[in-house]
Amino acid sequence: HYDEPFADPSSLPTYMVSKMAREHVTVVLTGDGGDEVFAGYTRYVTDRKRSAFGRVPGPVRRGVMRPFARQLPHGAWGRNFIHNVSLDPLARYFDSVSAFGALGKDALYAHAFRERLNGDGGAEGGVLARFRRHAARVTSGEPLDALLYLDSKTYLPGDILTKVDRMSMAVSLEARVPLLDHRLIEFVTRIPASLKMRDGETKYIFKRAVRGLVPDEILDRPKQGFGVPVQEWINEELRERIRETLTSRRARERGYFDSAYVELLFDEHGRGRRDHSTRLWTLFMLELWHRAFADRDAHAPTNACETAATIPA
């Protein structure tokens with residue numbers, strides 16, 4: 001249904017709930033866009049906390065902290081954190097929201113593949129440059145406003161809206177997004193960032209606006225994602241299938257990733273040392289996409305669903 005590599009595991013429950021809704025209605029309203037418009041993601045809170053490291057002089061962050069983090073062995077406590085807070089604000093946010101941050105990409109990419117990427121602006125240079133162009137359009141001077149605009153131009157259309165659109169239409173259900181009405185967007189963008197997130201509370205003004213209309217137990221509960229137990233699946237039900245898929249000769253011959261590092265991710269995840277569920281699921285989805293679409297030949301089924309259904313473990 002996606003036609004492209006898509007690794008957001010919440011697409012699975014989105015499909016299931018769309019299928020259930022379609023038994024009763026043909027059109028639904030969703031709350032998509034609310035987090036990007038009203039600052040609903042907890043990662044905005046995390047970014048604000050880490051922004052305090054911006055007071056550390058740039059030469060110290062670039063010349064001491066960053067090289068120190070890179071020299072620490074893989075798995076060393078604090079390695080990723082030290083590297084992350086050594087970056088400038090936009091690079092720090094980009095690193096935080098990536099399945100594989102800069103240090104992870106260094107270890108993941110095979111040598112020849114990395115060289116090919118470096119010949120085209122680096123492994124992440126082109127994407128980070130696009131992030132910077134989006135953020136540069138925000139003139140309020142508020143770092144949070146830049147992140148909200150950035151997510152509305154990248155994460156929202158590339159993940160959230162794509163996920164809901166494809167999964168709802170897969171069952172002939174139409175999903176509409178009232179929080180993305182252009183008149184609401186034009187109004188909310190004039191609201192100060194301090195009213196969207198205050199003292200670590202996300203969606204501050206939005207919650208105040210609907211209190212009395214929405215039950216308090218919903219407004220005051222901790223933010224919940226729409227996820228699935230990928231961590232447990234990788235360790236239990238899907239353990240062998242994912243491992244065999246990612247370490248197969250076909251996957252290795254693509255030349256993208258270092259096989260030893262993929263094995264290391266499995267080992268650390270299985271022993272509970274690190275939660276690599278997002279990383280492993282992302283790699284799994286990419287390999288399945290290759291098998292369903294990129295590896296087709298003249299004898300392969302022409303229907304994408306049929307192709308995916310016949311992929312061997």
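**A friendly note on charges and contacts in this model**

1. Let us start inside: Glu 287 is buried, with a relative accessible area of 4%. Here buried means under 20% relative accessible area, exposed means over 50%, and partly exposed lies in between (1.4 Å probe, protein chains only). Please keep in mind that this is a predicted model, in which local features need pLDDT of at least 70 and side-chain atom pairs count only at pLDDT 80 or more, while totals for chains, interfaces and linings use all residues. Residues are numbered from 1 along each chain as its sequence is written, and side-chain values use heavy atoms, with hydrogens and water left out.

2. Which residues pair with Glu 287? Arg 254 forms a salt bridge with Glu 287, their closest N and O atoms being 2.8 Å apart. This pair links distant parts of the chain, 33 residues apart: Arg 254 sits in the loop between helix H17 (249-253) and helix H18 (259-270), and Glu 287 in helix H19 (residues 277-294). A salt bridge is a side-chain nitrogen of Lys or Arg within 4 Å of a carboxyl oxygen of Asp or Glu. Helices (H or I, at least four residues) and strands (E, at least two) are DSSP runs, numbered from the N terminus.

3. Arg 291 also forms a salt bridge with Glu 287, again with 2.8 Å between the closest N and O atoms. Both residues lie in helix H19, four residues apart, about one turn of the helix. Arg 254 counts as buried at 18% relative accessibility, and Arg 291 counts as buried at 9%. A network of salt bridges links Arg 250, Arg 254, Glu 287, Arg 291 and Asp 295.

4. How many salt bridges does the structure hold? There are 21. One of them joins Lys 163 to Asp 8, with the closest N and O atoms 3.8 Å apart. The two are 155 residues apart, Lys 163 being in helix H11 and Asp 8 in the segment before helix H1 (11-22). Lys 163 is buried at 9% relative accessibility, and Asp 8 is buried at 14%.

5. On the surface, Arg 130, Arg 133, Arg 137 and Lys 153 form a positive patch. Patches are made of residues with over 30% relative accessible area and no salt bridge, like charges being joined within 9 Å. Arg 130 belongs to helix H9 (residues 125-136) and is partly exposed, with a relative accessible area of 46%. A negative surface patch is made by Glu 232, Glu 236, Glu 237 and Asp 275. Within that patch, Glu 232 is found in helix H15 (residues 230-235) and counts as partly exposed at 37% relative accessibility.

6. Is Phe 131 buried or exposed? Phe 131, found in helix H9, counts as buried at 10% relative accessibility. Not counting residues up to four places away in sequence, Phe 131 touches Leu 90, Phe 94, Leu 150 and Thr 154, where contact means heavy atoms within 4.5 Å. The C-alpha atoms of Phe 131 and Leu 150 are separated by 6.6 Å, and the two residues are 19 apart along the chain.

7. Two backbone angles deserve a look. Most residues other than glycine have a negative phi. Ser 172, however, has a positive phi of about 60 degrees although it is not a glycine; Ser 172 is in the loop between helix H11 (155-169) and strand E2 (174-176). Asp 199 has a positive phi near 50 degrees and is placed in the loop between helix H12 (182-188) and helix H13 (204-210). Asp 199 is exposed, with a relative accessible area of 79%.

Methods
Patch = residues over 30% accessible without salt bridge, like charges linked within 9 Å, V, L, I, M, F, W, Y side chains within 5 Å. Areas by Shrake-Rupley, 256 points an atom, 1.4 Å probe, with all protein chains shown as cover. Lys, Arg positive; Asp, Glu negative; His and termini not counted. Charge placed at Lys NZ, Arg CZ, Asp CG, Glu CD.
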